[in-house]
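Here is a short report on one protein chain. Please view the sequence and the model side by side while reading.

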Amino acid sequence: DEANWDEWTLTITNASTTIYTVNGVGVGALSNVWNGTNQTGDGTYTITVTSYDLAGNSATDSTTVEIDSTAPVLTNILPVNGTSSTKADWTLSVNVSENVSCRYSAVNTTYATMENNFSNSSTDFFHTEDITVAIGTYTYTYACVDTAGNEGKENTTFTRAVPAPIG
């Protein structure tokens, strides 16, 4: 699974020597406890650890992790910021740079506290929602979260204007 791993700990017991590799490249020997903080950038990594006891016996284990600390990028936001129209029906829309879950709110808040999920998603990269508003100015916040928990947010403000008098 994808993760935002800022810190991790490796603990080895009953070993005299332990070596580890990242993506097949030898990184070095370890003591029995090793803390890794921000060791690598975003990407997929296979970490392999081999431990040796005093008799020369060895045991090897490996795991693959994906590090993702990059927030999703939100683009093509509709309504375009600053739009004004007399129409009551509007489409909220956003394109996103990666497969994410998106929500929207008339209050500038975080994804976790937003109650409105986009209901019309042709893919997980494109999200829309049709709404109806009264006359007034509205600011909506769109927030999208990837599987690692990184949040991207954007705001848009639009106005439903008073129609011009006829005649």
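The report goes from the whole chain to one sheet and then to one loop residue.

## The chain overall

This is a predicted model. The chain has 167 residues, and 33% of them are buried. Its secondary structure consists of 16 strands and zero helices.

Contacts reach across the sequence. Take those between residues at least 6 apart in sequence: 62% join residues at least 24 apart. The accessible surface of the chain is about 9700 Å². Carbon and sulfur atoms account for 49% of that surface.

## A five-stranded sheet

Five strands make up an open sheet with mixed pairing. Their order is β9-β16-β15-β11-β12. The edges are β9 (83-85) and β12 (116-117). Each of these has a single partner strand, so one side of each lacks a neighbour in the sheet.

At one edge, β9 and β16 run parallel, joined by three bridges. Within this pairing, T83 sits opposite F158 of β16. Strands of a sheet pair through backbone hydrogen bonds, in either a parallel or an antiparallel manner.

## N150 in its loop

The loop between β15 (136-145) and β16 (151-160) contains N150. Both flanking strands belong to the open sheet described above.

Is N150 buried or exposed? Its relative accessibility is 7%. Buried means under 20%, so N150 counts as buried. The N150 side chain also has a polar partner: one of its polar atoms lies 2.9 Å from the backbone oxygen of D68.

Definitions and conventions. Residues are numbered from 1 along each chain as its sequence is written. This is a predicted model: local features need pLDDT of at least 70, side-chain atom pairs count only at pLDDT 80 or more; totals for chains, interfaces and linings use all residues. Side-chain values use heavy atoms; hydrogens and water are left out. Helices (H or I, at least four residues) and strands (E, at least two) are DSSP runs, numbered from the N terminus. Buried means under 20% relative accessible area, exposed over 50%, partly exposed in between (1.4 Å probe, protein chains only). A polar contact is a pair of N or O atoms within 3.5 Å; within protein, one must be able to donate a hydrogen and the other to accept it, and residues adjacent in sequence count only if both atoms are side-chain atoms. Two strands pair if DSSP finds at least two bridges between them. Contact means heavy atoms within 4.5 Å. Accessible areas come from the Shrake-Rupley method with a 1.4 Å probe; for residues, only the protein chains shown count as cover.
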